[in-house]
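Colleague: I have this model open on my screen and would love a close look at one part of it, the antiparallel sheet. Could you walk me through how that sheet is put together, and then through what lies around it?

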Amino acid sequence: MPSITYGGQSYLCRAQESVLDCMTAHGVTIPSSCHSGLCQTCLMQAVRGNIPAAAQAGLKNTLAAQKYFLACSCYPEEDIEVALPSAGTGKFSATVTAIQPLNDDIVCLQLQTDAKLEYKAGQFINLYKDAFTARSYSLASVPDIDEHLQLHIRKVPNGLVSQWIHQALNVGDSIDISEATGDCFYTEDKPDQSLLLIGTGSGLAPLYGIIRDALAQGHQGTIRLYHGSETVESLYLADELRSLSQRHRNFVYTPCISGSMVPPGYASGMVADVALRENPDLSGWRVFLCGHPAMVDNAKKQAFFAGASMRDIYADPFKSALQNNAAEQAQTAA
Ligand SMILES: Cc1cc2nc3c(=O)[nH]c(=O)nc-3n(C[C@H](O)[C@H](O)[C@H](O)COP(=O)(O)OP(=O)(O)OC[C@H]3O[C@@H](n4cnc5c(N)ncnc54)[C@H](O)[C@@H]3O)c2cc1C
Ligand code: FES
């Protein structure tokens, strides 16, 4: 059984136990959010010993070279000594410049960073409520278009960070955010490729950024956005997207309603089903999927079976640790 040394104490790590699980089981708090290797909130550094390669998946080469790793994806094979990144590593200080409602549940949070943050529309940052509590939010802003960072944040019932943002955060407040990460963004290498974008709820955030970025970069291929929600009221930015589609003939916006009241002008059904029904052959397409994890998983499979190459499918499931635990418990019970 390998041991993990942290803060001068050593802990035995059981088989199938990640560094994060081992620390948590011993009452040691390590910042974390998704528990599935996506958000990079649980970044740690190996001071001694070797880290399995899988624990560095998705990290920038510069971080991997300094033996940074993700504690939730690290299953040690030998004794290691680990540390949290030194204060300030990869963090930016930001000031809240606006908090605007987009609908009853979602606000647009605008932030101005003290130092320039390099990012691409559609990537995500981690936003810190305090030193140990962070959540990931996708960037709806486009660096060359928008002056400030823009995030669309949905109020999750009993959600620690989203409720705090909706209820306690004010314009002028200073918060910490991480640098931007993730591969869900537009690249201009194939300007004629058709793009399919599917999102639920605040999953529109990265897609809104990606579409405006692609159009600003002169993308010529078809761009089809399907945004799904249960009711008309819970969709948002519909007028802006309709106006964008009037200004760009290659951009088509389809709002989808999964509930029973579907007025004219809206597609009826689950957003991924509607999108795949209307676009049954995705050979050669690039696909972006963001929002509810079940929708993203399902749409990924459907897009692959419709001919999209896995290399051309970019997905950001909005996972949270607590949702993962609930899903795991359901699987165990089944
Ligand atoms: C890569 C990535 C990008 C993301 N981008 C965005 C974004 O742009 N906008 C955005 O609003 N969110 C986004 N999220 C989700 C976000 O990180 C948080 O998980 C979410 O805000 C809930 O955090 P919380 O602290 O408020 O809730 P928690 O305190 O973590 O959870 C409270 C309760 O709510 C449940 N819960 C948590 N999340 C959800 C959910 N999404 N739906 C339903 N129930 C939930 C939990 O199971 C728990 O019971 C993203 C997640 C990832 C991994
Ligand atoms: S990557 Fe480890 S908690 Fe998200």
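Modeller: Happy to. In this predicted model, six strands make up an open sheet, ordered S9-S8-S11-S6-S7-S10 and paired antiparallel. At its edges stand strand S9 (133-138) and strand S10 (149-154); each has a single partner strand, so one side of each is left without a neighbour in the sheet. On average, neighbouring strands here are turned by 40° against each other, direction ignored.

Let's look at one pair inside that order. Strand S6 (residues 91-101) and strand S7 (residues 106-113) run antiparallel and are joined by 7 bridges. If you want a place to put your cursor, try Gln 100, which stands opposite Cys 108 in S7. Helix H3 (residues 160-167) packs on this sheet, where it touches S6, S7, strand S8 (124-130), S9, S10 and strand S11 (174-178). The direction of H3 makes about 75° with that of S9.

A second helix also meets the edge strands. Helix H4 (residues 204-216) lies across S9 and S10 and runs at about 150° to S10. You can follow H4 onward to helix H5 (residues 238-247): the two axes come within 12 Å and cross at roughly 20°. H4 and H5 are therefore roughly parallel to each other, and their crossing is left-handed. On the H4 side the meeting residues are Leu 204, Tyr 208, Ile 211, Arg 212 and Leu 215, and on the H5 side Glu 240, Leu 241 and Leu 244. Sorted by class, this contact of H4 with H5 has 6 nonpolar residues, no polar ones and 2 charged ones. The spacing of such contact residues is easier to read with one rule in mind: an α-helix has 3.6 residues a turn, so residues three or four places apart point the same way.

Now come back to the loop between S7 and S8, where you will find Ala 121. With a relative accessibility of 0%, Ala 121 counts as buried. What surrounds Ala 121? Leaving aside neighbours within four places in sequence, Ala 121 is in contact with Leu 139, Ser 141, Val 142, Pro 143, Cys 184, Phe 185, Tyr 186, Gly 209, Ile 210 and Asp 213. Pro 206 is 85 residues from Ala 121 in sequence, yet their C-alpha atoms are 6.5 Å apart in space.

For contrast, there is another sheet to set beside this one. It is also open and has 6 strands, in the order S15-S14-S13-S12-S16-S17, but its pairing is parallel. Its edge strands are S15 and strand S17 (313-317), each pairing on one side only. S14 and S15 run parallel and are joined by 2 bridges, and Ile 257 stands opposite Ser 268 in S15.

S15 also holds Ala 267, which counts as buried at 15% relative accessibility, the cut-off being under 20%. Beyond residues up to four places away in sequence, Ala 267 touches Thr 254, Pro 255, Cys 256, Ile 257, Val 262 and Val 274. Ala 294 is 27 residues from Ala 267 along the chain, and their C-alpha atoms are separated by 20 Å.

One of those contacts, Val 274, is among the buried residues of helix H6, together with Val 271, Ala 272, Ala 275 and Leu 276. What covers these buried residues includes strand S12 (195-200), strand S13 (223-229), strand S14 (251-257), strand S15 (267-268) and H7. The axes of H6 (residues 271-278) and helix H7 (residues 293-305) come within 9 Å and cross at roughly 15°. That angle makes H6 roughly parallel to H7, and H6 passes H7 in a right-handed crossing. The residues in contact are Val 271, Ala 272, Asp 273 and Leu 276 from H6, with Met 295, Asn 298, Ala 299, Gln 302 and Ala 303 from H7. They divide into 6 nonpolar, 2 polar and 1 charged.

Last, a small stop at the start of the chain. Strand S1 (residues 3-6) and strand S2 (residues 9-12) run antiparallel, joined by 4 bridges, and the bridge partner of Ser 3 in S2 is Leu 12. The hairpin of S1 and S2 has 2 residues between the strands, and Gly 7 takes a positive phi near 60° there.

Notes
Residues numbered from 1 in each chain as written. Chains lettered and ligands numbered in written order. Predicted model: local features only at pLDDT ≥ 70, side-chain atom pairs only at ≥ 80, totals over all residues. Heavy atoms only, no water. Axes fitted to C-alpha atoms, helices over the stretch in contact; angles between N-to-C directions. Parallel < 35°, antiparallel > 145°, perpendicular 65-115°, else oblique. Left-handed = near helix turned anticlockwise from the far one by under 90°. Contact = heavy atoms within 4.5 Å. Nonpolar A, V, L, I, M, F, W, Y, C, P; charged D, E, K, R; others polar. Buried < 20%, exposed > 50% of the residue type's maximum accessible area, 1.4 Å probe, protein only. Pairing = 2+ DSSP bridges.
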